[in-house]
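The following exercises are intended for a reader who meets this structure for the first time. Please attempt each task before reading its solution.

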Amino acid sequence: FLWKCGRLATSSQPTIESLPPSVAEGRSVLLLVRNPPENIIGFVWFKGMVAVKNILAIRHIPARKPTVLGPAYSGRETLSSDGSLLLHSVSQKDRGLYTLRILRTDGKNEEAQVQLQVHSSLSVFCNSLTCSHLMIHSLPSYAAEGEDVLLQVHNLPEEVQAFSWYKLKNGTSFHKLVEYNKTTNFISWGPADRIRGMVYRNGSLLLHNVIENDAGIYTLEVLNKDLKIKRSYVEFYVKKHVTQPFVRITDNTVTGGTSVIFTCVSPNTDVSIRWIFNKKNLQLTERMTLSPTKCGLRIEPVKSEDAGEYQCEVSNHFSLKTSLPVSWP
């Protein structure tokens, strides 16, 4: 059976969310896949950019083949059936960029990236007393449209000659936002970036009036006096309020041996979906199948006990909406 409910918005790409956004050393963190396509045949995770030496694990869907472990696998990673990656007992060595490649049935691939932030258990904000490596924190990590976001830099090297800020675009390349030369005290902005930002001598970057497209991964590149380059990454999100979904029913007959498909239709992406049956959480049975993103619910064969009111609920970190009930049959 091929699911036809597809991605909730065909123009949107899959994304990855770090839960929590910043994890303490020794704890676990979930790199949660949001908005994946339905036509998935497998996942490949990389520690860093796409390269054979950076492969963590490969998993095929359905899981008839064993998970293939790569050179970057440490034994502390668990790959879920939905592509999400769970890391146990993280350390400072685990911080950095992670890349997910999604393999599709049509032969095309999709990629998404996330920046893992790891902090000392003594302090969320790293300082010279707890560590010395270059770090960035987003204040806030989740911003509403129109708010300002400060990408606050910690432990900028004293011998820095210049630094530059970049933003990841389309999951493949970095677009330069601004460059600061400490020797000449000269600031060079990219096109259309100056009116919406402010850069500080300590490396921090202030973004004014953020919109949804501003969310993503930012990179700070620092050039020292010995011409060595250091990089650090940060990611922030922009709040999106969901709209009310509705349920569509595909039903041919109600005789024995037939099936019924419920589809949760919503223009929103990066959401969680929950199904409700007769005002209560739907309890799945062996006759029920959910699509990978849970936007599709299939019951086969249908029975009289399946008759009633169905609803779907879409939610993100900031809002929740439930569809009007539809009766079946």
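## Exercise 1: Salt bridges

In this predicted model, Glu300 and Arg298 form a salt bridge, with their closest N and O atoms 2.8 Å apart. Determine how Glu300 and Arg298 are classed by accessibility.

*Solution.* Step 1. The relative accessible area of Glu300 is 37%. Since buried means under 20% and exposed means over 50%, with partly exposed in between, Glu300 is partly exposed.

Step 2. The value for Arg298 is 19%, so Arg298 is buried.

Step 3. The count of salt bridges comes to 11. Arg287, Glu305 and Asp306 are linked in a network of such bridges.

## Exercise 2: Two salt bridges between separate elements

Find which parts of the chain are tied together by the salt bridge of Arg76 and Asp94, and then by that of Glu111 and Arg101.

*Solution.* Step 1. The side chains of Arg76 and Asp94 meet at 2.9 Å, N to O. Arg76 belongs to the loop between β6 (68-69) and β7 (77-79), and Asp94 to the loop between β8 (85-87) and β9 (96-104), so the pair ties together parts that are 18 residues apart in sequence.

Step 2. Arg76 has a relative accessible area of 24% and is therefore partly exposed. Asp94, at 7% relative accessibility, counts as buried.

Step 3. In the salt bridge of Glu111 with Arg101, the closest N and O atoms are 2.6 Å apart. Glu111 lies in strand β10 (residues 109-119) and Arg101 in strand β9, so parts that are 10 residues apart in sequence are tied together.

Step 4. Glu111 is partly exposed, with a relative accessible area of 28%. Arg101 likewise counts as partly exposed, at 24% relative accessibility.

## Exercise 3: A charge over a ring

Over the face of which residue does Lys47 lie?

*Solution.* Lys47 lies over the face of Tyr98, at 5.0 Å from the ring centre. The cut-off for such a placement is within 6 Å of the ring centre and within 35 degrees of the ring normal.

## Exercise 4: Aromatic pairs

Classify the pair formed by the rings of Phe277 and Tyr310 as stacked, edge-to-face or tilted.

*Solution.* Step 1. A search of the whole structure finds six aromatic pairs. In the pair of Phe277 and Tyr310, the ring centres are 4.8 Å apart and the planes stand at 40 degrees.

Step 2. Planes under 30 degrees apart count as stacked and those over 60 as edge-to-face, so the pair of Phe277 and Tyr310 is tilted.

Step 3. The pair links distant parts of the chain: Phe277 is in strand β23 (residues 272-277) and Tyr310 in strand β27 (residues 308-315), 33 residues apart.

Step 4. Phe277 counts as buried at 19% relative accessibility, and Tyr310 is buried with a relative accessible area of 1%. Phe262, Trp275, Phe277 and Tyr310 form one aromatic cluster.

## Exercise 5: A sheet of six strands

Which strands stand at the edges of the open sheet with the order β12-β20-β19-β14-β15-β16?

*Solution.* Step 1. This sheet of six strands has mixed pairing. β12 (142-143) and β16 (186-189) stand at its edges; each has a single partner strand, so one side of each is left without a neighbour in the sheet.

Step 2. Within the sheet order, β14 stands between β19 and β15. Seven bridges pair β14 with strand β19 (residues 216-224) in the antiparallel sense. Here Tyr166 stands opposite Thr219, and Phe163 opposite Val222.

Step 3. β14 is also joined by eight bridges to strand β15 (residues 173-181), and the two run antiparallel. In β15, Ser173 is the bridge partner of Lys169.

Step 4. Strand β14 (residues 160-169) is mostly covered, as eight of its 10 residues are buried.

## Exercise 6: A sheet of four strands

Describe the pairing and the edges of the open sheet with the order β21-β22-β26-β25.

*Solution.* Step 1. The pairing in this sheet of four strands is antiparallel. The edge strands are β21 (246-251) and β25 (288-290), each of which pairs on one side only.

Step 2. On average, neighbouring strands of this sheet are turned by 15 degrees against each other, direction ignored.

Step 3. β21 and strand β22 (residues 260-265) run antiparallel and are joined by six bridges. Cys264 in β22 is the bridge partner of Val247.

Conventions
Residues numbered from 1 in each chain as written. Predicted model: local features only at pLDDT ≥ 70, side-chain atom pairs only at ≥ 80, totals over all residues. Heavy atoms only, no water. Pairing = 2+ DSSP bridges. Axes fitted to C-alpha atoms, helices over the stretch in contact; angles between N-to-C directions. Phe/Tyr/Trp six-rings, centres within 6.5 Å; stacked < 30°, edge-to-face > 60°. Buried < 20%, exposed > 50% of the residue type's maximum accessible area, 1.4 Å probe, protein only. Salt bridge = Lys/Arg side-chain N within 4 Å of Asp/Glu carboxyl O.
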